[in-house]
Amino acid sequence: LGGLFQDGLYQQFDGRYACNANYWRLNLRSNLDFKITKTTTLSLDLNARLDKRTNVSGGIDSNNIFALMYETPPMYYPYRLPDGSYGSASNGGGNLLSILSDQGYSQLGSNTLEGTVRLVQKMDFITKGLSARAMYSFNSYFDKGNALSYTPAAYRYISETEKELIIEEKAPSISNIEGKGHRRRENVEAGLDYSRRFGDHDVTA
C-alpha cells in the first residue's frame, strides 16, 4: 500500500472557485501464492491504482497560466482594485489572480486494475522435469472528470474615482471531462516446460 500527494507549482488561494492544482495517487499491490497439492501451485498478482489530477479550468493539461505569467508585465494591471474587485487591462486579458482564485478548476480521476493468475502443474508422472502452465492476465482502465468554470467581473480605472467594466461576469457552469473512457485488455497463455539434469548436463525446453 502506498500513496502520493503533490501540490501545484504555484501558490494556493482561498477563493470562490479556487483551482488549487494538485495530484494524488493511491497504490495497492498484493502477490499471493497457493500450494493446492504437492504438484500444483496457483499464483495471484493484483495491482490497483487510483489517482486524481486537479488543474485550472482551462483544461486538465493546460499550461496557459505559465504563458500568461511570462507574457504579462508586472505593472500591466492591478490584480485587485481597492474595492476588492478584479483589475484588468484594456484588452481584457486574463487576470492571473482571478484564474487561480475564482475561475474554477478541472478534475480528472482514473482507476487502473491489473491482475494475473498463474497455474503450474508438475507432470513428473509422465517424465521427470515436465510441467504444464497456464496464465490469464487483464488490465482494466477507466477515467472521467468534470470542470467548473466561472468568470468574475473585471474592471479598469479610467480616472482616480471611476472604473469601467472590461470583463462581464459569467455564471458558473459545470461540464464533463470524458478522458479516455474505459479500456480493457486480456491475455491468455498456456504451455509446457521441461527442465532436467543428466549428470553434468542441463536440458530445458
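The following exchange takes up a pocket, a serine and a sheet in a predicted model.

User: Why is serine 98 called buried or exposed, as the case may be?

Analyst: Serine 98 has 3% relative accessibility and therefore counts as buried, a word kept for values under 20% relative accessible area, with exposed over 50% and partly exposed in between (1.4 Å probe, protein chains only). Serine 98 lies in helix H2, residues 96-101, a helix being a DSSP run of H or I with at least four residues and a strand a run of E with at least two, numbered from the N terminus.

User: Which residues does serine 98 touch?

Analyst: Leaving aside residues up to four places away in sequence, serine 98 touches Tyr86, Gln103 and Pro152, where contact means heavy atoms within 4.5 Å.

User: What makes S4 and S7 a pair?

Analyst: Two strands pair if DSSP finds at least two bridges between them, and S4 and strand S7 (residues 154-157) pair in the parallel sense over 2 bridges. Glycine 87 stands opposite tyrosine 155 in S7.

User: Where do these strands sit in the sheet?

Analyst: The open sheet has 3 strands in the order S4-S7-S8, with mixed pairing. Strand S4 (86-87) and strand S8 (163-167) each have a single partner strand, so they stand at the edges and one side of each is left without a neighbour in the sheet.

User: How do you know which parts of the model and which atoms count?

Analyst: Residues are numbered from 1 along each chain as its sequence is written, and side-chain values use heavy atoms, without hydrogens and water. Local features need pLDDT of at least 70 and side-chain atom pairs count only at pLDDT 80 or more, whereas totals for chains, interfaces and linings use all residues.
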